[in-house]
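Open the model in your viewer and keep the sequence panel visible. The stops below go from the whole chain to one strand, and then to the ligand.

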Amino acid sequence: MPPIRLRRSTGRVGPSRRAHTTTAVQVLATRSNASRARQSARNVMSPPVGYLMVSIEPPNFADMRIGILGAGNMAAALGTHWVRAGHEVMVSGRDPGRARETAERIGGQAGDWAQAAQFGEVVLLAVLADGVPDVLAATELAGKVVIDCTNAVVQGRWTLATPAMAESVAAKSGARVVKAFNLCPDELWRQTPPPVAVPLCGDDPEAMDIVRGLVVDVGCVAVDGGGLERAALFEATAAVVIGLAVQGVEPRGILPVVG
Ligand SMILES: NC(=O)c1ccc[n+]([C@@H]2O[C@H](COP(=O)([O-])OP(=O)(O)OC[C@H]3O[C@@H](n4cnc5c(N)ncnc54)[C@H](OP(=O)(O)O)[C@@H]3O)[C@@H](O)[C@H]2O)c1
């Protein structure tokens, strides 16, 4: 696979002028903004305040080709931002008509699973969890940077169907998987910018840098969430959050605002 280009065409993967040479620590809460924090606790759409976030600014990767496996809500929500940021996007799905319709709507092109996987320097896995085995069987993802936003959540019981989907995708495909974008609903990802920080986890440093860049292209702050072993926690958190939301409970209402 050819190397993914930095935007400034230095010809190598590494930090750009936009990147900090060391980890940037962003403290988003002080006692002086406690009232903002209280407001935010009432409103899930507010920017995240009230806790320490560590964000690492990514290198500025050049316009990339992004293959999207899935033609539904997440494909459209994230694909829209990435097309707007100058990336080329190919959408795929099991229904070619839906893939074509989604691609046209966001300004991308459509293909089948294998074409989208081949097209993408980065691949977004955005199908329902039940479909992941079939999609992996139809694609060649070894060595690719794959963003996994899936949630293998059992409807109604709001628990996990499998241990860490992201680890299973990495083991089955040989892809460099980064878990991201799984915690908030597509309504939020459709906003410009989505008022939320995006935690991500993965084991491959270059893949993490690339996905941090794509988080920035969506309009969000990327928050380092550790290695891929932590994907199970991201997925469990989603199960809890979705379970609360369907009961009509504001998920952030169960957590204290710290600071
Ligand atoms: N929507 C959200 O708020 C949200 C937020 C975070 C994470 N997620 C996760 O992101 C993933 C995509 O969610 P979404 O909301 O975009 O779903 P969606 O709108 O229902 O679209 C799902 C896509 O997966 C395809 N698909 C479904 N079952 C399949 C199967 N058995 N085999 C192959 N393809 C199949 C669908 O094809 P058809 O069009 O033919 O049905 C469609 O292209 C899910 O894992 C979800 O849990 C969703």
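A residue counts as buried if 20 or more other C-beta atoms lie within 10 Å of its own, with C-beta atoms placed from the backbone. By that rule, 43% of the 259 residues in the protein are buried. Bear in mind that this is a predicted model.

**Whole protein.** Switch on the cartoon view: the secondary structure comes to nine helices and 12 strands. Among contacts between residues at least 6 apart in sequence, 66% join residues at least 24 apart.

**Strand β10.** Select residues 176–179, which form strand β10. In a regular strand the side chains alternate between the two faces of the sheet. Here R176 and V178 lie on one side and V177 and K179 on the other, and all four of these residues are buried. Both faces of β10 are therefore covered.

**Neighbours of β10.** Add residues 145–148, strand β7, which pairs with β10 in the parallel sense over four bridges. To find the register, label V145, whose bridge partner in β10 is R176. Next add residues 197–202, strand β11, which pairs with β10 in the antiparallel sense over two bridges. There, C201 of β11 stands opposite K179.

**Ligand.** Now select the ligand and the 24 residues around it. Which of these come nearest? They are G72, V127, G131, T150 and P185. Colour the shell by residue class to see 10 nonpolar, eight polar and six charged residues. Then highlight α2 (73–84) and α5 (132–137), each of which supplies at least two residues of the shell. The helix that gives the most is α2, with three residues.

Methods: Residues numbered from 1 in each chain as written. Predicted model: local features only at pLDDT ≥ 70, side-chain atom pairs only at ≥ 80, totals over all residues. Buried ≥ 20, exposed ≤ 12 C-beta atoms within 10 Å, placed from the backbone. Pairing = 2+ DSSP bridges. Near = placed C-beta within 6 Å. Nonpolar A, V, L, I, M, F, W, Y, C, P; charged D, E, K, R; others polar. Contact = placed C-beta atoms within 7 Å.
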